[in-house]
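Reader: I have a structure open in front of me, and I would like to learn how to read it. Could you take me through some features, with the general idea before each case?

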Amino acid sequence: MMLRKCIADVILMIFFAFAATIVSTGAAAQTIISTPSPIAPTFDPTRLAQPPTVMPPAQADNGAQAYWSMCMGCHGDHGQGLTDEWRASYGNEYRDCWQSGCHASDHPENSFEILSTGAPALIGAGKLTRFANAYELQSYVHGNMPFSPAGSLTAEQSLELTAFLLRESDTLPGGLTLDMINSSAVTVHQKVNPPENEVPGSFLLIGILVLATVGLTFRVSTKVAIPNARPAFVYHLHPPRIPAAQSRFWYTLGTGGLSVFLSLVLLLTGLLEMYYYVPSPDRAAVSVSIIKTLVPYGNLVRNLHFWSAQFLVIVMSLHLLRVVLTGAYAPPRRFNYLLGLGLLVLILLLDFTGYVLRWDEGVHWALVVGTNLLKTIPLIGDGLYRFVMGGGGPGPATLIRFYAWHIFGLTLAVIILVTWHAFRVRRDGGIASAPPGLSQGQQWITRFDLVRREVLAMVIGIVILLIVSLAIPAPTDSPISSFSSMTGSSQAPWFFLWVQQLLKWGDPFWLGIILPVMVVTLLGLFPYILPNADKNELGHWFPRGNRLAQVLTVLLYLVILVLTFLGAFSPNG
Amino acid sequence: MMKSELSRRDFMKLSTRTLLGLGAVLGLGGLIRYFSYEPGQGPPTVFDLGDAGSFPIGSRTIRGEVPAVIINQDGVFEAYSLTCTHLGCTIEKDKESIGFTCPCHGSAFDETGKVINGPAQDPLKALHVEITGENRLIVHTD
């Protein structure tokens, strides 16, 4: 008899501990405010045992502890929810303790009234169907759990609990630690395996390409043009011969060819991204995250796309500088120079539209500021804003429009202009006009050797791009949740930092619209209003003829550089 | 009969070009019309901020969803939009004072919404506040 009493006492004590846990965390129970259930107690104390501690604990292990102390009372010991069976395990007097009043003064006000739906099951197939991904689940847990006081969990705890629930349902990608960004890519209902490591494959490719450069470097083309034969397509795109002095790397810096190469990489990687990217506000950042974390080599593809775009802006700016500092835009190449300027503007627009497609907090304010800038234009500003946004403010229509411009509208314009630009270069006699009186022979290189050099530059370019993309990931941020709260970075993308810095100093229309337009216009006018280089001076750096344009351009570049640095390092200067 | 100064050939050329130009203008007009449809709804302009009693006398409450600061000045409600009048970023409350600063371009505003520091030119927009019969606080942002 004594023994039985003893056991009964221990069981009672455990009950009290359990009840206290429920009260202290406010995790209260139950739907049916009804007559006490006739189910007999099925109490089994092992069901209340604390999960074993794992060292070092994985995220889900921490979640298991939190679940045990805060969630289990209502959601059950294996996530079955507040079933009759689970309630029965409480013992008669505790089953409906909110009626018997055992929570006493700690009883949270109204805490049992709203549970008309019960405490739902959380673990297993077909559960948690309202959540598409782990990000949604953790925000719900963070905002609404535990039952009382709701919202008392830290963001970290919410993620731990989410990881625990997914692990128990066998949908947590192995080895993945959930965070605010990658959680949006992890589905709640379907197990997605994280991709294999992309580093070995990339290094294999890098190694092969490096070996190939050796051959490309030393095998000078011995091909000679067969008289009257028509060249193959790729060769036909190049002039039959160009002057050797002007085909040197230190004359051209290879910037034109590199720009074409980077554009090709952008087209290809962009195409690959389109297979997974979803241009809708609630899915965009998630799909970017999926490309980054779950698609095999997706992270590499995205990084290549990002870095090619950043390099393209730099390489094109250098190309422009090279053309001015060698006076190469002198007639008959003036118009082609304008085509090039147009391309630079288009690429900046493409960079900006692509940047916005991430639709996460990192781009949020750049989008707001960049488009509000349009509103400051007199007369047409408001119409232009609505045209760009597809409505009165940022929303689904905005994303679709930016997507259309980025994927097709602007890209088509670039393809047409690049083709035209290259055609004009070819028609105007190649990379540079030959100095008058240049004879045949050693002073020229053939189109075959030119193509070899281009392939070499491309291979080196791919290797550098691969290394940078493996080393430095393209930025991501958490999805935009609301357009009124200021949570993201307030910095413009780096290529517009100089404009952002200008905007700190005065009227947005003059400094943010007119001034940048004037910079481009001024550059475009140089060949038409300033003296040009003489024919005899062409093909060398710093010809005397267009000195004034050279000085002005360098000054302009320096000013933009200084403004960019100011913008980068003094956020509120 | 007077010979026309315009030869037949020139006339044909001119009318062809005029027609083509007209067609282009018409096409452009159609294109502009095409883009004039706005699928986007635009942001909401009316916000129900709940029981007015939850904004006690003398309080200054920031509501991020509008975004606005709600001021209860001796029972009279005022609200200022927290959207920067410069280029539309949401301004943030200063740590030391009760003024606001914009994180994008550094405009500063005092507690009554006046500009202390550029580049913003205009004071914060005062929002229309309405108290309904059920004592709910409604803010209009337009």
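Author: Gladly! Let us begin with a polar contact: a pair of N or O atoms within 3.5 Å, where within protein one must be able to donate a hydrogen and the other to accept it, and residues adjacent in sequence count only if both atoms are side-chain atoms. Please keep in mind that this is a predicted model, in which local features need pLDDT of at least 70, side-chain atom pairs count only at pLDDT 80 or more, and totals for chains, interfaces and linings use all residues. Residues are numbered from 1 along each chain as its sequence is written, chains are lettered from A and ligands numbered from 1 in the order in which they are written, and side-chain values use heavy atoms, with hydrogens and water left out.

Reader: How many residue pairs are in polar contact between chain A and chain B?

Author: There are 5 such pairs, with both residues at pLDDT 80 or more. For the elements, helices (H or I, at least four residues) and strands (E, at least two) are DSSP runs, numbered from the N terminus. On the side of chain A that touches chain B, the elements giving two or more residues are helix 15 (361-375), helix 16 (381-389), helix 17 (396-427) and helix 19 (497-503) of chain A. Helix 15 of chain A gives the most, with 5 residues.

Reader: And how many residues of each chain are in contact?

Author: Contact means heavy atoms within 4.5 Å. Here 26 residues of chain A are in contact with 23 residues of chain B.

Reader: Which residues form a salt bridge between the chains?

Author: A salt bridge is a side-chain nitrogen of Lys or Arg within 4 Å of a carboxyl oxygen of Asp or Glu. Between chain A and chain B the count is 1. The partners are B:Glu38 and A:Arg386, whose closest N and O atoms are 2.7 Å apart.

Reader: Now a single residue. Is A:Leu216 buried or exposed?

Author: Buried means under 20% relative accessible area, exposed over 50%, and partly exposed in between (1.4 Å probe, protein chains only). A:Leu216 has 16%, so this residue is buried. You will find A:Leu216 in helix 8 (residues 199-218) of chain A. Leaving aside residues up to four places away in sequence, A:Leu216 touches A:Arg452, A:Val455, A:Leu456 and A:Val459.

Reader: Which residues of helix 6 of chain A are buried?

Author: In helix 6 (residues 134-144) they are A:Ala134, A:Leu137, A:Gln138 and A:Val141. Seen down the axis of helix 6 of chain A, these buried residues fall within an arc of 95°, so they line one face of the helix. That arc is the one of the directions from the helix axis to the C-beta atoms. Their cover includes helix 7 (155-168) of chain A. At the N-terminal end of helix 6 of chain A, A:Asn133 acts as a cap, with a side-chain oxygen 3.0 Å from the backbone nitrogen of A:Tyr135.

Reader: What about the backbone? Where is the peptide bond cis in chain A?

Author: Look at the bond from A:Pro331 to A:Pro332, which is cis with omega near 10°. A:Pro332 sits in the loop between helix 13 (298-325) and helix 14 (334-357) of chain A. In chain B, the bond from B:Val66 to B:Pro67 is cis, with omega near -10°.

Reader: What is phi of A:Leu379?

Author: Phi is near 65° there, a positive value in a residue other than glycine. A:Leu379 belongs to the loop between helix 15 and helix 16 of chain A, and with a relative accessible area of 89% A:Leu379 is exposed.
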